[in-house]
Amino acid sequence: MGSRTVTAKQREVQRIVDALHRAIAQHRLPPGTRLIEAQIVETLQANRNHVQAALQRLALQKVVTIEANRGAMVAQPTAKEARDVFSARRAIERAIVESITPAIMRKQRQRVATHMNNERNATDHTDRRAIVRELSEFHLMLGAICDNSVLSDILGNLMVRSSLIVALYQRNDVPSCASNEHQQIITALENGDREKAVAVMIEHLEELEGQLVLESAAPAEFNLKQALSE
Ligand SMILES: [Zn+2]
(Lines give C-alpha, C1' and ligand atoms only; values in the text may rest on other atoms or scores of the structure.)
Protein backbone atom coordinates (compact mmCIF):
# COMPACT_ATOMS: atom_id res chain seq x y z
CA MET A 1 0.00 0.00 0.00
CA GLY A 2 1.49 3.32 -1.09
CA SER A 3 1.51 6.38 1.12
CA ARG A 4 -1.04 8.06 -1.14
CA THR A 5 -3.59 5.31 -0.33
CA VAL A 6 -2.94 5.68 3.39
CA THR A 7 -3.45 9.42 3.17
CA ALA A 8 -6.71 9.04 1.26
CA LYS A 9 -7.95 6.57 3.86
CA GLN A 10 -6.93 8.82 6.74
CA ARG A 11 -8.68 11.75 5.12
CA GLU A 12 -11.83 9.73 4.67
CA VAL A 13 -11.79 8.48 8.28
CA GLN A 14 -11.28 12.06 9.42
CA ARG A 15 -14.28 13.18 7.34
CA ILE A 16 -16.50 10.63 9.09
CA VAL A 17 -15.08 11.56 12.52
CA ASP A 18 -15.76 15.24 11.77
CA ALA A 19 -19.34 14.57 10.63
CA LEU A 20 -20.08 12.59 13.80
CA HIS A 21 -18.31 15.19 15.99
CA ARG A 22 -20.45 17.95 14.48
CA ALA A 23 -23.69 16.02 14.87
CA ILE A 24 -22.81 15.23 18.51
CA ALA A 25 -21.57 18.74 19.34
CA GLN A 26 -24.72 20.29 17.88
CA HIS A 27 -26.92 17.87 19.83
CA ARG A 28 -28.28 16.17 16.71
CA LEU A 29 -27.05 12.83 18.09
CA PRO A 30 -27.91 12.71 21.78
CA PRO A 31 -25.96 10.60 24.29
CA GLY A 32 -26.97 6.94 24.15
CA THR A 33 -27.87 7.06 20.44
CA ARG A 34 -27.09 3.77 18.71
CA LEU A 35 -24.71 4.34 15.81
CA ILE A 36 -25.72 1.78 13.23
CA GLU A 37 -22.85 1.22 10.80
CA ALA A 38 -25.03 0.54 7.76
CA GLN A 39 -26.89 3.82 8.25
CA ILE A 40 -23.67 5.80 8.56
CA VAL A 41 -22.27 4.06 5.46
CA GLU A 42 -25.38 5.03 3.52
CA THR A 43 -25.88 8.56 4.82
CA LEU A 44 -22.25 9.63 4.54
CA GLN A 45 -21.62 7.60 1.36
CA ALA A 46 -18.70 5.99 3.10
CA ASN A 47 -16.93 2.65 3.07
CA ARG A 48 -17.74 0.30 5.96
CA ASN A 49 -14.06 -0.15 6.96
CA HIS A 50 -13.64 3.62 7.16
CA VAL A 51 -16.78 3.94 9.28
CA GLN A 52 -15.45 1.25 11.65
CA ALA A 53 -12.08 3.01 11.91
CA ALA A 54 -13.85 6.32 12.64
CA LEU A 55 -15.99 4.73 15.36
CA GLN A 56 -12.89 3.21 16.98
CA ARG A 57 -11.14 6.55 16.97
CA LEU A 58 -14.20 8.15 18.59
CA ALA A 59 -14.21 5.36 21.18
CA LEU A 60 -10.60 6.17 22.10
CA GLN A 61 -11.68 9.80 22.52
CA LYS A 62 -14.48 8.62 24.89
CA VAL A 63 -17.06 10.18 22.59
CA VAL A 64 -18.47 6.80 21.50
CA THR A 65 -18.86 3.57 23.45
CA ILE A 66 -18.43 0.25 21.67
CA GLU A 67 -19.94 -2.83 23.32
CA ALA A 68 -19.28 -6.34 22.03
CA ASN A 69 -22.91 -7.34 21.53
CA ARG A 70 -24.62 -3.97 21.14
CA GLY A 71 -22.34 -2.17 18.70
CA ALA A 72 -21.48 1.51 18.93
CA MET A 73 -23.43 4.26 20.63
CA VAL A 74 -22.87 7.88 21.52
CA ALA A 75 -21.23 7.92 24.95
CA GLN A 76 -23.21 8.77 28.06
CA PRO A 77 -20.69 10.37 30.40
CA THR A 78 -21.37 9.76 34.07
CA ALA A 79 -21.81 12.63 36.53
CA LYS A 80 -18.27 11.95 37.81
CA GLU A 81 -16.89 12.16 34.28
CA ALA A 82 -18.85 15.38 33.75
CA ARG A 83 -17.18 16.95 36.80
CA ASP A 84 -13.79 15.65 35.65
CA VAL A 85 -14.25 17.13 32.17
CA PHE A 86 -15.09 20.54 33.62
CA SER A 87 -12.17 20.34 36.02
CA ALA A 88 -9.89 19.53 33.05
CA ARG A 89 -11.40 22.40 31.04
CA ARG A 90 -10.57 24.83 33.84
CA ALA A 91 -6.94 23.69 33.76
CA ILE A 92 -6.62 23.64 29.94
CA GLU A 93 -8.54 26.84 29.24
CA ARG A 94 -6.57 28.65 31.94
CA ALA A 95 -3.36 27.61 30.16
CA ILE A 96 -4.80 28.65 26.79
CA VAL A 97 -5.85 32.09 28.03
CA GLU A 98 -2.49 32.55 29.76
CA SER A 99 -0.64 31.94 26.50
CA ILE A 100 -2.59 34.51 24.45
CA THR A 101 -0.42 37.63 24.37
CA PRO A 102 -1.50 41.09 23.17
CA ALA A 103 0.69 40.45 20.10
CA ILE A 104 -1.38 37.35 19.27
CA MET A 105 -4.56 39.37 19.76
CA ARG A 106 -3.28 42.00 17.32
CA LYS A 107 -2.31 39.38 14.76
CA GLN A 108 -5.66 37.58 15.12
CA ARG A 109 -7.77 40.72 15.35
CA GLN A 110 -9.78 39.94 12.21
CA ARG A 111 -10.48 36.32 13.14
CA VAL A 112 -11.58 37.28 16.65
CA ALA A 113 -13.80 40.10 15.36
CA THR A 114 -15.42 37.80 12.79
CA HIS A 115 -16.13 35.22 15.45
CA MET A 116 -17.59 37.71 17.94
CA ASN A 117 -19.78 39.04 15.15
CA ASN A 118 -21.05 35.54 14.25
CA GLU A 119 -21.69 34.86 17.91
CA ARG A 120 -23.73 38.05 18.32
CA ASN A 121 -25.71 37.29 15.16
CA ALA A 122 -26.45 33.78 16.39
CA THR A 123 -27.54 34.84 19.87
CA ASP A 124 -29.75 37.61 18.40
CA HIS A 125 -31.74 34.92 16.62
CA THR A 126 -33.44 31.81 17.86
CA ASP A 127 -31.69 29.13 15.82
CA ARG A 128 -30.65 27.05 18.79
CA ARG A 129 -28.24 24.95 16.76
CA ALA A 130 -26.39 28.03 15.50
CA ILE A 131 -26.22 29.41 19.05
CA VAL A 132 -24.80 26.15 20.42
CA ARG A 133 -22.27 26.03 17.56
CA GLU A 134 -21.05 29.62 17.90
CA LEU A 135 -20.82 29.55 21.71
CA SER A 136 -18.68 26.44 21.63
CA GLU A 137 -16.70 27.85 18.69
CA PHE A 138 -15.54 30.72 20.95
CA HIS A 139 -13.66 28.30 23.21
CA LEU A 140 -12.22 26.42 20.21
CA MET A 141 -11.11 29.71 18.64
CA LEU A 142 -9.09 30.64 21.74
CA GLY A 143 -7.53 27.16 21.55
CA ALA A 144 -6.71 27.71 17.88
CA ILE A 145 -5.07 31.13 18.32
CA CYS A 146 -3.05 30.31 21.47
CA ASP A 147 -0.27 28.84 19.32
CA ASN A 148 -0.03 25.56 21.26
CA SER A 149 -1.44 22.67 19.23
CA VAL A 150 -1.25 20.24 22.18
CA LEU A 151 -3.53 22.46 24.27
CA SER A 152 -5.88 22.97 21.33
CA ASP A 153 -6.06 19.20 20.57
CA ILE A 154 -6.91 18.42 24.19
CA LEU A 155 -9.52 21.17 24.21
CA GLY A 156 -11.11 19.82 21.01
CA ASN A 157 -11.75 16.51 22.75
CA LEU A 158 -12.99 18.16 25.95
CA MET A 159 -15.41 20.34 23.97
CA VAL A 160 -17.06 17.36 22.24
CA ARG A 161 -17.36 15.61 25.60
CA SER A 162 -18.77 18.83 27.08
CA SER A 163 -21.48 18.83 24.41
CA LEU A 164 -22.48 15.32 25.47
CA ILE A 165 -22.52 16.42 29.09
CA VAL A 166 -24.63 19.49 28.36
CA ALA A 167 -27.05 17.38 26.27
CA LEU A 168 -27.38 14.90 29.13
CA TYR A 169 -27.38 17.05 32.20
CA GLN A 170 -28.51 20.53 31.30
CA ARG A 171 -32.13 20.72 32.32
CA ASN A 172 -33.13 24.19 31.18
CA ASP A 173 -33.08 25.14 27.53
CA VAL A 174 -30.90 28.21 28.01
CA PRO A 175 -27.83 28.24 25.75
CA SER A 176 -24.93 27.39 27.97
CA CYS A 177 -22.50 30.29 27.43
CA ALA A 178 -23.20 33.90 28.26
CA SER A 179 -21.89 35.94 25.35
CA ASN A 180 -21.04 38.99 27.48
CA GLU A 181 -18.53 36.89 29.43
CA HIS A 182 -16.90 35.92 26.16
CA GLN A 183 -16.62 39.60 25.30
CA GLN A 184 -15.10 40.38 28.71
CA ILE A 185 -12.44 37.72 28.12
CA ILE A 186 -11.60 39.20 24.70
CA THR A 187 -11.45 42.75 26.06
CA ALA A 188 -9.14 41.69 28.90
CA LEU A 189 -6.86 39.85 26.44
CA GLU A 190 -6.75 42.86 24.12
CA ASN A 191 -5.74 45.00 27.08
CA GLY A 192 -3.01 42.53 27.98
CA ASP A 193 -4.74 41.77 31.29
CA ARG A 194 -4.36 38.00 31.24
CA GLU A 195 -5.02 37.72 34.97
CA LYS A 196 -8.47 39.22 34.48
CA ALA A 197 -9.08 37.07 31.39
CA VAL A 198 -8.23 33.92 33.37
CA ALA A 199 -10.47 34.99 36.27
CA VAL A 200 -13.46 35.57 33.96
CA MET A 201 -12.83 32.27 32.14
CA ILE A 202 -12.70 30.26 35.37
CA GLU A 203 -15.85 31.95 36.67
CA HIS A 204 -17.52 31.33 33.30
CA LEU A 205 -16.67 27.60 33.39
CA GLU A 206 -17.86 27.29 36.98
CA GLU A 207 -21.12 28.89 35.94
CA LEU A 208 -21.51 26.42 33.05
CA GLU A 209 -20.92 23.50 35.40
CA GLY A 210 -23.38 25.05 37.85
CA GLN A 211 -26.13 24.89 35.21
CA LEU A 212 -25.88 21.11 35.09
CA VAL A 213 -28.05 18.78 37.11
CA LEU A 214 -25.50 16.06 37.75
CA GLU A 215 -27.89 13.47 39.14
CA SER A 216 -30.15 12.24 36.37
CA ALA A 217 -30.03 11.44 32.68
CA ALA A 218 -32.74 10.78 30.12
CA PRO A 219 -31.57 10.12 26.55
CA ALA A 220 -34.00 11.55 24.00
CA GLU A 221 -35.51 9.92 20.94
CA PHE A 222 -33.79 10.71 17.66
CA ASN A 223 -33.27 9.70 14.06
CA LEU A 224 -29.71 8.81 13.05
CA LYS A 225 -30.19 9.25 9.29
CA GLN A 226 -31.85 12.61 9.71
CA ALA A 227 -29.20 13.83 12.15
CA LEU A 228 -26.33 12.99 9.80
CA SER A 229 -27.89 14.24 6.59
CA GLU A 230 -28.51 17.78 7.83
ZN1 LIG B 1 -18.34 30.03 26.82
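Helices and strands here are DSSP runs, with helices taken as H or I over at least four residues and strands as E over at least two, numbered from the N terminus. On that basis, the elements of the chain run α-β-α-α-β-β-α-α-α-α-α-α-α-α from the N terminus on. That makes 11 helices and 3 strands. The model is a predicted one.

**Whole chain**

Start with everything shown as a C-alpha trace. Along its principal axes the trace spans about 55 × 50 × 30 Å. The radius of gyration is 18 Å, which agrees with the value near 17 Å that a compact globule of 230 residues would have. Colour by burial next: 34% of the 230 residues count as buried. If contacts are drawn for pairs with a separation of 6 or more, 75% of them join residues 24 or more positions apart.

**The two domains**

Select 3–76 together with 218–229 for domain 1, then 79–210 for domain 2. The C-alpha centres of these two domains lie 25 Å apart. Where they meet, the contact takes 13 residues from domain 1 and 11 residues from domain 2. On the domain 1 side, select helix α1 (residues 3–25), which supplies the largest share of the residues touching domain 2, namely 3 residues. By residue class, this side of domain 1 divides into 7 nonpolar, 5 polar and 1 charged.

**Helix α6**

Move to residues 109–124, which form helix α6. The 16 residues of α6 should span 22 Å at 1.5 Å a residue, and the end C-alpha atoms are 22 Å apart, so the expected and modelled spans agree. Which residues of α6 are buried? Show the side chains of Val112, His115, Glu119 and Ala122. Now look down the axis of α6: the buried residues fall within an arc of 95°, so they line one face of the helix. Turn to the other side of α6, where Arg109, Gln110, Ala113, Thr114, Asn117 and Asp124 are exposed.

**Gln52**

Go back towards the N terminus and select helix α3 (residues 48–60), in which Gln52 lies. Why does Gln52 count as partly exposed? It has 17 C-beta neighbours inside 10 Å, whereas a buried residue needs 20 or more and an exposed one has 12 or fewer. To finish, add Gln211 to the selection and draw the C-alpha to C-alpha distance from Gln52: 35 Å in space, for a pair 159 residues apart in sequence.

Conventions:
Residues are numbered from 1 along each chain as its sequence is written. This is a predicted model: local features need pLDDT of at least 70, side-chain atom pairs count only at pLDDT 80 or more; totals for chains, interfaces and linings use all residues. The radius of gyration is taken over C-alpha atoms; the globule rule is 2.2 Å times the number of residues to the power 0.38. Two residues are in contact if their C-beta atoms, placed from the backbone, lie within 7 Å. The expected span of a helix is 1.5 Å times one less than its number of residues. The arc is that of the directions from the helix axis to the C-beta atoms. Domain bounds come from an automatic or database domain assignment. Ala, Val, Leu, Ile, Met, Phe, Trp, Tyr, Cys and Pro count as nonpolar, Asp, Glu, Lys and Arg as charged, and the others, Gly among them, as polar.
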